[in-house]
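Please open the model in your viewer and keep the selection tool at hand. The stops below are meant to be taken in order.

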Amino acid sequence: MAETTSRVPAPAPARLGILLQGMGAVGSTFVAGVIAARKGLGEPFGSLTQLAHIRLGKRTDGRNPLIREFAPMTALDGLVFGGWDIFGGDLYEACDTADVLDKRLIDGMEAELRAIKPMPGAFDVNYVKRLNGTAIKQGTRRELAEALRQDIRDFKAANGLDACVMINCSSTEVYVEAGPVHATLAAFEAGLDADDQAISPSMLYAYAALMEDTPYANGTPSLAADAPALLELADKKALPVCGKDFKTGQTLMKTVLAPMFKARMLGVRGWFSTNILGNRDGEVLDEPEAFKSKEKTKLGVLDTILQPEQHPSLYGDLYHKVRINYYPPRGDAKEGWDNIDIFGWLGYPMQIKVDFLCRDSILAAPIVLDLALFLDLARRAGRKGIQEWLSFYWKSPMTAPTVYPEHDLFIQLTKLKNNLRHMMGEELITHLGTEYYDEG
Ligand SMILES: NC(=O)c1ccc[n+]([C@@H]2O[C@H](COP(=O)([O-])OP(=O)(O)OC[C@H]3O[C@@H](n4cnc5c(N)ncnc54)[C@H](O)[C@@H]3O)[C@@H](O)[C@H]2O)c1
């Protein structure tokens, strides 16, 4: 499960397939956004691969290329989109339903969006209780897995693609923990044959992706590729995987603020986070078992950053609560409130209030793009297993079982950039000597 570089990345494919498991608000906003950027109708703001630079060598060297010019990656024009959903239709309709982007903007791309039609999904209502789709594959777990594999092969053949990546953008599944059928690849294969209901749809997609030599990222809190059996498969197939749960709004703020409290040795007594959102994601998360999956990924962050066991007087009594409230009038325009009770010198209390009026899918779309391009880069660099250098993008970064995840956004960014430097044979930036903290 190592993520070592075995070689300098091979050149990027001229065309890269991006397969989306779930083409709802996030998926459709991502695809439409890339098409808009290609047509000069908008800029891919929020995307490191498209806009960020990376400093190389000493600050006096003046070398600061764009990441996309430094590390070989497919240009936006070369991206080809496909995927699955349980509501059929096409991506123009998906954009219309999601109601994230301006009608005028999507009307200007109608032909391109209509040409992308999600394939019927592998679905089980026991895992997503609030949805009842209309385009659902039928069959046993084994038959569904084979049907998804066939879909991937057909997509590649129809578009003349050699390389694809898969990103899970589908509804959050109910909370499950890995059990015996997920413990080894052999048990998982036997479970497919026995139609074991403990294998969730998102695991079927992850399995199909890996079997078809396709790197896999999990944008949701569902267990998916975090099951030991699927990590074993990734290792066997020498493919990169990463997850879980895109870090977009409230948790993004949390992983910026919490390291600041810790850096300044300010105490935190309580952190109450609540959200209102009214999109389909909000509706699914309104169901307690799905919320439990999300709660786990949202709650894990503070303990790892603040390390209460090392600082019991500062963080030992921290009360952390996260709520998500489904409130239809808001649609995708989520509001995330945080009330943070902190204390300083001699224990004097203070409060901070954060009210983030965000747009969920607008924040998530550039993450999907970056992950697709970085995962393909990782594949070409011979990296396999969990890609911890991509922790930057996750609420709950997957890690090897022996280490804890890194949550601090700026350490994550340093790690990401140093991995790119390492991959491309450049010196790492350690901030020693006269080097200040300067990610350029
Ligand atoms: N938007 C964000 O900021 C953000 C951040 C972190 C995580 N996420 C996660 O990303 C996922 C997508 O969010 P969204 O806002 O696009 O939700 P959405 O409900 O608009 O889209 C999810 C889509 O997945 C489809 N789907 C469900 N089960 C499926 C299956 N088995 N196969 C194929 N398709 C399936 C649904 O029909 C729906 O169209 C959610 O799990 C959400 O929790 C979103």
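Begin with the ligand in this predicted model, and select α1 (25-38), β2, α12 (280-285) and α15, each of which supplies at least two residues of the shell around the ligand. Of these, α15 gives the most to that shell, with 4 residues.

Now widen the selection to the whole shell, where 36 residues surround the ligand and the closest are Gly-22, Gly-24, Val-26, Gly-121 and Arg-280. Coloured by residue class, the shell around the ligand divides into 16 nonpolar, 15 polar and 5 charged residues.

Next, colour the chain by domain, taking domain 1 as 16-246 + 361-423 and domain 2 as 250-357. Where does the ligand lie with respect to domain 1 and domain 2? Both domains give residues to the shell around the ligand, so the ligand lies between them.

With the two colours still on, look at how the domains meet: their C-alpha centres lie 26 Å apart, and 26 residues of domain 1 are in contact with 26 residues of domain 2. On the side of domain 1 that touches domain 2, the residues divide into 11 nonpolar, 7 polar and 8 charged.

Return to β2 and select residues 79-85, of which 5 of the 7 are buried, so this strand is largely enclosed by the rest of the structure. Add strand β1 (residues 16-21), which runs parallel to β2 and is joined to it by 6 bridges, and then strand β3 (residues 119-120), which also runs parallel to β2 and is joined to it by 2 bridges. Trp-84 in β2 is a useful residue to centre on, since Gln-21 stands opposite Trp-84, while in β3 the bridge partner of Trp-84 is Met-119.

From the strands, move to the largest nonpolar core, which has 95 residues, and select those with the most contacts inside it, namely Ala-32, Ile-167, Leu-204, Ala-206, Leu-230, Val-368 and Leu-371. Helix α15 (residues 360-380) appears again here, giving the most to this core with 12 residues. For a closer view, centre on Leu-230, which, leaving aside residues up to four places away in sequence, touches Met-203, Ala-206, Tyr-207, Leu-210 and Ala-225.

Finish by selecting Val-268, Trp-271, Leu-306 and Tyr-315, which are among the 11 residues of another core that lies apart from the largest one.

Note on methods
Residues numbered from 1 in each chain as written. Predicted model: local features only at pLDDT ≥ 70, side-chain atom pairs only at ≥ 80, totals over all residues. Domains from an automatic or database assignment. Contact = placed C-beta atoms within 7 Å. Nonpolar A, V, L, I, M, F, W, Y, C, P; charged D, E, K, R; others polar. Core = buried A, V, L, I, M, F, W, Y, C linked by C-beta atoms within 7 Å. Buried ≥ 20, exposed ≤ 12 C-beta atoms within 10 Å, placed from the backbone. Pairing = 2+ DSSP bridges. Near = placed C-beta within 6 Å.
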